[in-house]
Amino acid sequence: MEYRASIIGQIHGVMRDFLNSFDSSTPVPAIRIVGETPNSILDHSEFLKSIGTIVDPVQKAVAACCPDVKTRWIAVKKFEGRRSFFVLDLNNVGYDYATAHKCLTKVPVYILRLSKKPKIFRHGPQDQKLTESLAEMHNLHGERLLPLFDDYTGPRVYESPRYLRA
C-alpha cells in the first residue's frame, strides 16, 4: 500500500505541471486523459470503487489548478495482468451522452502513466482508436450511467445495447 500512497501523492504535482504547460491566456482545450493504472494498487473485489480513488485525486488536482476546467469520468477498462485504464475528459464541451454512441469526433489523448514516477504525455495514435472504442462502449452499455465499465477478466454481457433500439 505504500506504492499506492506514493502514486496518489504524486498525482497533484504531475497534473499541475501538465496543466501549466497550456497557454494561461486561453482555456484548456478539450483533451482526453487515459489513466494507465497498475492493477497491483487496486482492490479487485471492489474494482470500480478502487479505481475511483485514483480518479478522484486527478479530478481534484484539475479543479485546484484550473477551476474552470470541467472533468467527466467516461470509462474504465479492467484487464488481466499489469494494468487497467480509466478515461477522463477535460473541457470536452462537445460531449453529449445521448449521441455519444455515434460520435467519432477525435479528442487529443494524453496518457497518465501511474507508476513510481508518474508522468503524462501526448499519445496521438490513440486519438481515433479511443474515440471509436468509447462510441462502441456507449453503444453496448445502452443507457448505463457513467463511468462505463468493461471487465476483460471474464465474459462481458451487455443488457440493453443502443443498437437494438434502432
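## Touring a predicted model

Visitor: How many aromatic pairs does a search of the whole structure find?
Guide: Welcome! Keep in mind that this is a predicted model. Searching the whole structure for aromatic pairs gives a total of six.

Visitor: What kind of aromatic pair do F79 and Y152 form?
Guide: The two ring centres are 4.8 Å apart, and the planes differ by 10 degrees. Planes under 30 degrees apart count as stacked. The pair of F79 and Y152 is therefore stacked.

Visitor: How many residues apart are F79 and Y152?
Guide: This pair links distant parts of the chain. F79 belongs to the loop between β2 (71-78) and β3, while Y152 is in the segment after β6 (148-151). Along the chain, they are 73 residues apart.

Visitor: Is Y152 buried, partly exposed or exposed?
Guide: Its partner F79 has a relative accessibility of 27% and counts as partly exposed. For Y152 the relative accessible area is 28%. Buried would need a value under 20% and exposed one over 50%, so Y152 is partly exposed.

Visitor: Which charged end sits over the ring of Y110?
Guide: Y110 is linked by ring pairs with F18 and F22 into a cluster. A charged end also sits over the ring of Y110, 5.6 Å from its centre. That charged end belongs to R122.

Visitor: Which residue in strand β1 stands opposite Y110?
Guide: Y110 lies in β4. Strands β1 and β4 (residues 109-113) run parallel and are joined by five bridges. The residue opposite Y110 is I33.

Visitor: How many bridges join β1 to β3?
Guide: Strand β3 covers residues 83-90 and runs antiparallel to β1. Within this pairing, V34 stands opposite V87. The number of bridges joining β1 to β3 is eight.

Visitor: How many of the residues of β1 are buried?
Guide: In a regular strand, side chains alternate between the two faces of the sheet. Here I31, I33, G35 and T37 on one side are buried, and so are R32, V34, E36 and P38 on the other. The count for β1 (residues 31-38) is eight of eight.

Visitor: What is the relative accessible area of T37?
Guide: T37 has its place in strand β1. Leaving aside neighbours within four places in sequence, T37 is in contact with L42, I51, I54, R82, R83, S84, F86 and L114. T37 is buried, and its relative accessible area is 0%.

Visitor: Which backbone oxygen lies 3.4 Å from a polar atom of the side chain of T37?
Guide: A polar contact needs N or O atoms within 3.5 Å. The 3.4 Å separation here involves the side chain of T37 and a backbone oxygen. That oxygen is from G35.

Visitor: Which backbone oxygen lies 2.7 Å from a polar atom of the side chain of N91?
Guide: N91 is in the loop between β3 and β4, and it counts as buried at 14% relative accessibility. Beyond its neighbours within four places in sequence, its contacts include P29, A30, D68, V69 and K70. The backbone oxygen in question is that of V28.

Visitor: Is R162 buried or exposed?
Guide: R162 is found in the segment after β6. Its contacts, neighbours within four places in sequence left aside, include A98, T99, A100, H138, N139, G142 and E143. Its relative accessibility is 3%, under the 20% cut-off, so R162 counts as buried.

Visitor: Which side chain makes a 2.8 Å polar contact with the side chain of R162?
Guide: The side chain of R162 also reaches the backbone oxygen of Y97 at 3.0 Å. In addition, the charged end of R162 sits over the ring of Y97, 4.7 Å from its centre. The 2.8 Å contact is with the side chain of H101.

Visitor: How many disulfides does a search of the whole structure find, and why are C65 and C66 not bonded?
Guide: The sulfur of C66 is 6.0 Å from the closest cysteine sulfur, in C65, which is too far for a bond. C65 counts as partly exposed at 23% relative accessibility, whereas C66 counts as buried at 15%. The number of disulfides found in the whole structure is zero.

Technical notes. Residues are numbered from 1 along each chain as its sequence is written. This is a predicted model: local features need pLDDT of at least 70, side-chain atom pairs count only at pLDDT 80 or more; totals for chains, interfaces and linings use all residues. Side-chain values use heavy atoms; hydrogens and water are left out. Buried means under 20% relative accessible area, exposed over 50%, partly exposed in between (1.4 Å probe, protein chains only). Helices (H or I, at least four residues) and strands (E, at least two) are DSSP runs, numbered from the N terminus. Two strands pair if DSSP finds at least two bridges between them. A polar contact is a pair of N or O atoms within 3.5 Å; within protein, one must be able to donate a hydrogen and the other to accept it, and residues adjacent in sequence count only if both atoms are side-chain atoms. Contact means heavy atoms within 4.5 Å. Rings of Phe, Tyr and Trp (its six-membered ring) pair if their centres lie within 6.5 Å; planes under 30 degrees apart count as stacked, over 60 as edge-to-face and the rest as tilted. A charge sits over a ring if NZ of Lys or CZ of Arg is within 6 Å of the ring centre and within 35 degrees of the ring normal. A disulfide is a pair of cysteine sulfur atoms within 2.5 Å.
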